[in-house]
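Work through the exercises below with the sequence and the structure in view. Each task is followed by a solution in steps.

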Amino acid sequence: MITIELREDVVLQDGSTLRLRPTTPDDEAALVDFFRALSAESLHLRFQGGVCVDERLVGRFLRSDSEMLSLVGELADEDGRVCVVAVGTFVRLRDRSRAEVAFAVADDLQRRGIAGRLLERLAAHARAEGIERFVAQVLPENAAMLGVFRDTGFEVTRRILDGVVEVEFALSSSPDVLDQIARRDHSAVAASLAPFFQPRSIAVIGASARRGTIGGELFRNVIAADFDGAAYPVNPKGDPVGGVPGYRSVEDIPGDVDLTVICVPGGRVFAAAESALRAGVRALCVISAGFAETSSEGLERQEQLLALVRSHGARMIGPNCLGVASTARRLNATFARRAFPPGRVAFSSQSGALGLALLEQADTRGLGLSAFASIGNKADVSSNDLLEYWEDDPETDVVLLYLESFGNPRKFGRVAGRVARSKPILAMRSGTSRAGARAAASHTAALAGSDAVVDALFRQAGVLRASTLQELLDTAVLLTSLPAPAGNRVAVLTNAGGLGILCADACEAANLELPELTAETVLALSEVTPPEASLSNPIDLLGSANAALYERVLPLILADPNVDAVIAVFVPPVVENARAVEEVLARHASSSEKPLLSVVLSADGTAHGGFEYPESAARALGLVALRAAWLRRPAGTTPEVSVDAAAARAIVSAAPEGWLEPEAAHALLTAYGIPLVEERRAGTPAEAATAAIELGLPVVVKTAAAGAHKTETGGVALDLRTAAEVHEAAARMGGAVVVQQYLTEGTELLAGLVQDPVFGPLVAFGPGGVLAELIGSANFALAPLTDVDAGELIGTGKAAKLVDGWRGAPAADHGALTDLLHRLSRLAVDLPEVSELDLNPVLARPDGCVAVDARIRITRSSPVVSAKTW
């Protein structure tokens with residue numbers, strides 16, 4: 001059943017936004033007004049003939065259920081009244097796998113992509129109701145509508161019937177369809193954010209002439225930065241600020257205003273925003289606090305504010321944020337204490353305070369910014385949107401993100417994975433402890449802490465994760481000032497053996513390799529270094545090393561084919577000036593095709609230039625090398641697996657919430673082709689003994705209680721070799737039992753899935769058996785898995801050693817395990833009601849794998865009632 005309260009926000013090709021929702025009986029008058037306002041031509045194209053617009057006509061659009069759905073789009077008119085501006089409808093046909101679809105859009109809003117967005121959302125809802133194909137009857141002269149169907153990415157067929165074009169297509173989520181949607185989202189979102197970063201004019205509501213106020217200081221920052229455009233202070237009396245004439249309202253300002261920043265008390269924000277939106281502003285940045293960060297009432301105010309913004313087709317950053325900046329327009333619409341140094345790094349921060357701290361540090365490190373956005377409560381604009389904009393921004397080479405939460409992590413993964421191919425993305429996320437993880441009953445869910453999920457998301461998307469603010473800045477400096485390494489092989493050069501060892505340890509912790517230098521390099525080094533110098537990696541030039549020695553040694557090490565990068569550490573002795581060595585390092589770093597990281601410390605151990613400590617340089621280089629490895633990683637494809645989706649859906653639909661009974665769990669896994677050990681269900685001890693003889697002794701007897709942790713509850717008896725032993729075990733457990741073949745050969749692994757409430761379906765793989773949670777180290781990946789994702793799950797971590805054959809054990813069948821993970825991935829995507837699934841243990845053998853025990857939990861979650869679709 002389609003949720004009547006559902007609201008969906010879409011962004012159109014011109015950057016404006018539109019809120020969609022299903023119709024209700026209360027929409028009768030609004031729909032009559034909408035259709036009566038259409039031109040005669042639009043009515044003719046929609047209804048293919050003369051039509052009388054009245055209550056009887058619109059009555060057919062008021063249903064929203066599994067048989068019919070009408071979505072309306074709404075915008076405010078000149079008087080601020082929210083009106084229907086578009087209607088899209090599907091009606092199920094006699095062949096219940098098909099539905100007819102049609103659209104109508106207000107004449108002055110046509111050719112802005114509204115019909116295409118309606119079609120996307122109707123198709124998504126129809127698929128959820130089991131509808132497989134859409135058909136549409138289109139007049140031949142309706143070229144615009146035919147173009148909408150053509151541009152969707154669906155495989156459209158057309159034929160002429162009685163002078164009408166019949167269009168038909170399958171509602172598949174094929175790569176072509178998803179690619180077309182992603183392209184539309186990208187261009188539309190980028191257009192919607194242009195007024196924030198390239199405004200020609202800006203108004204600051206709450207800009208006071210009194211010093212020390214947030215609005216007043218923010219406006220003075222705009223002026224002090226020499227904004228490349230017109231700036232207008234707005235306050236109740238229209239007082240001038242900083243010598244700039246003021247206005248009482250944005251509506252009083254002559255000409256258009258691209259961006260409005262609101263700095264008034266929370267209770268006055270709605271009125272201020274309404275005034276700006278009436279004046280035609282399409283970009284709001286709300287500095288004011290007092291919204292979702294405070295209470296449920298604040299959240300309601302925030303939703304009302306967003307609804308107002310949507311009703312005018314606008315975008316909003318904030319509320320509760322620090323502001324925005326763009327060096328391309330010399331815009332500093334923040335209340336930061338200092339101006340932003342220009343550069344090639346774009347930075348988004350969910351925390352205003354941390355954003356200020358990073359900006360202060362960035363200036364001292366010489367890290368220049370192309371843009372900055374503090375997104376605060378991110379009621380509308382999020383880091384996903386900013387990535388879309390910065391992807392094509394010619395001023396931005398690197399993106400930094402500070403994240404506290406994810407609104408749409410799966411969208412983040414898709415967008416970040418695309419952007420990271422051309423621009424490095426470096427992120428830091430707070431809230432990584434397991435204290436906030438949800439309670440979980442299965443091994444898989446217990447292992448899937450929020451931090452493990454974030455790691456999986458970042459790893460698959462190619463996002464580099466920094467643990468500290470210093471690491472974030474260090475890596476950003478490296479990404480913007482030095483070439484990328486070709487690999488992870490590092491030479492460490494030092495004049496202090498102890499620091500060289502510390503650096504080597506830090507490199508190993510950062511997954512960097514210290515290779516042996518070639519014999520040719522060692523020979524060349526021996527000719528220019530003291531006999532006492534250590535020429536193994538790390539290379540110790542001794543405390544007497546000076547700038548001249550570094551000058552002779554560096555070219556030799558950088559030229560070594562075994563070396564991808566060099567970390568040079570120098571502690572100046574009494575007789576040597578650090579500045580001379582710094583100049584040598586800087587000169588070689590600027591001319592080398594390999595990254596040369598310098599760590600120059602003063603005699604008291606404080607930083608003198610480059611990176612602060614050897615460990616800092618190693619951690620930053622480790623992250624950058626990780627990006628190089630990710631770029632070499634193939635994109636991968638999601639293979640098709642043969643499953644009985646209809647049978648599986650029937651099992652899940654009929655099941656109550658909670659743990660599936662073993663028979664139902666077995667049937668569900670069988671429908672997805674997951675290999676299971678042969679078993680029988682027995683209601684009595686006598687039936688259990690008979691089943692054991694049929695299967696062949698020895699056997700295992702397990703309780704048939706749904707969801708039981710069998711080992712902890714005494715619900716399992718292994719290696720039973722006689723019918724009498726089986727009878728006794730079944731009698732001891734009481735109730736129904738499951739009798740299985742007893743398998744002893746194979747490596748015990750865990751495979752499973754969990755539906756994370758934020759991140760969606762995840763597939764897990766790791767060491768199995770009764771110690772799965774104690775050993776930990778399960779790997780996670782977001783479904784659907786590509787072949788590369790599945791290979792990484794199997795080929796990394798502790799489980800990889802087990803799969804490859806631990807301590808003389810035979811290697812497991814990689815192909816069989818890969819197939820198992822793809823089937824779990826497909827199940828996780830197809831059946832979101834399967835909230836937890838454990839296969840533990842999975843016995844992996846050289847000739848296949850088989851799941852010995854399975855637990856499946858069903859949870860029916862409430863639908864989201866308001867969401868962005870991009």
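**Exercise 1.** In this predicted model, find the order of the strands in the open sheet of 7 strands, and its edge strands.

Solution. Step 1: the order reads 15-14-17-16-18-19-20, and the pairing is mixed. Step 2: strand 15 (331-334) and strand 20 (464-465) each pair on one side only, and they are the edge strands.

**Exercise 2.** In which sense do strand 19 and strand 20 pair, and over how many bridges?

Solution. Step 1: locate strand 19 at residues 425-429. Step 2: strand 19 and strand 20 run in the parallel sense, joined over 2 bridges. Step 3: in one of these bridges, Ala427 has Arg465 of strand 20 as its partner.

**Exercise 3.** Which strands does helix 15 lie across?

Solution. Step 1: helix 15 covers residues 469-481. Step 2: the strands are strand 16 (342-349), strand 18 (398-403), strand 19 and strand 20. Step 3: the angle of helix 15 to strand 19 is about 175°.

**Exercise 4.** Describe how helix 23 and helix 25 cross, and which residues make the contact.

Solution. Step 1: the axes of helix 23 (residues 685-695) and helix 25 (residues 723-733) come within 8 Å and cross at roughly 140°. Step 2: angles over 145 degrees count as roughly antiparallel, so at roughly 140° helix 23 is oblique to helix 25. Step 3: the crossing is right-handed. Step 4: helix 23 contributes Pro685, Ala686, Ala688, Ala689, Ala692 and Ile693, while helix 25 contributes Ala723, Val726, His727, Ala730 and Ala731. Step 5: by class, this contact has 10 nonpolar residues, 1 polar residue and no charged residues.

Key
Residues numbered from 1 in each chain as written. Predicted model: local features only at pLDDT ≥ 70, side-chain atom pairs only at ≥ 80, totals over all residues. Heavy atoms only, no water. Pairing = 2+ DSSP bridges. Helix = DSSP H or I, 4+ residues; strand = E, 2+ residues; numbered from the N terminus. Contact = heavy atoms within 4.5 Å. Axes fitted to C-alpha atoms, helices over the stretch in contact; angles between N-to-C directions. Parallel < 35°, antiparallel > 145°, perpendicular 65-115°, else oblique. Left-handed = near helix turned anticlockwise from the far one by under 90°. Nonpolar A, V, L, I, M, F, W, Y, C, P; charged D, E, K, R; others polar.
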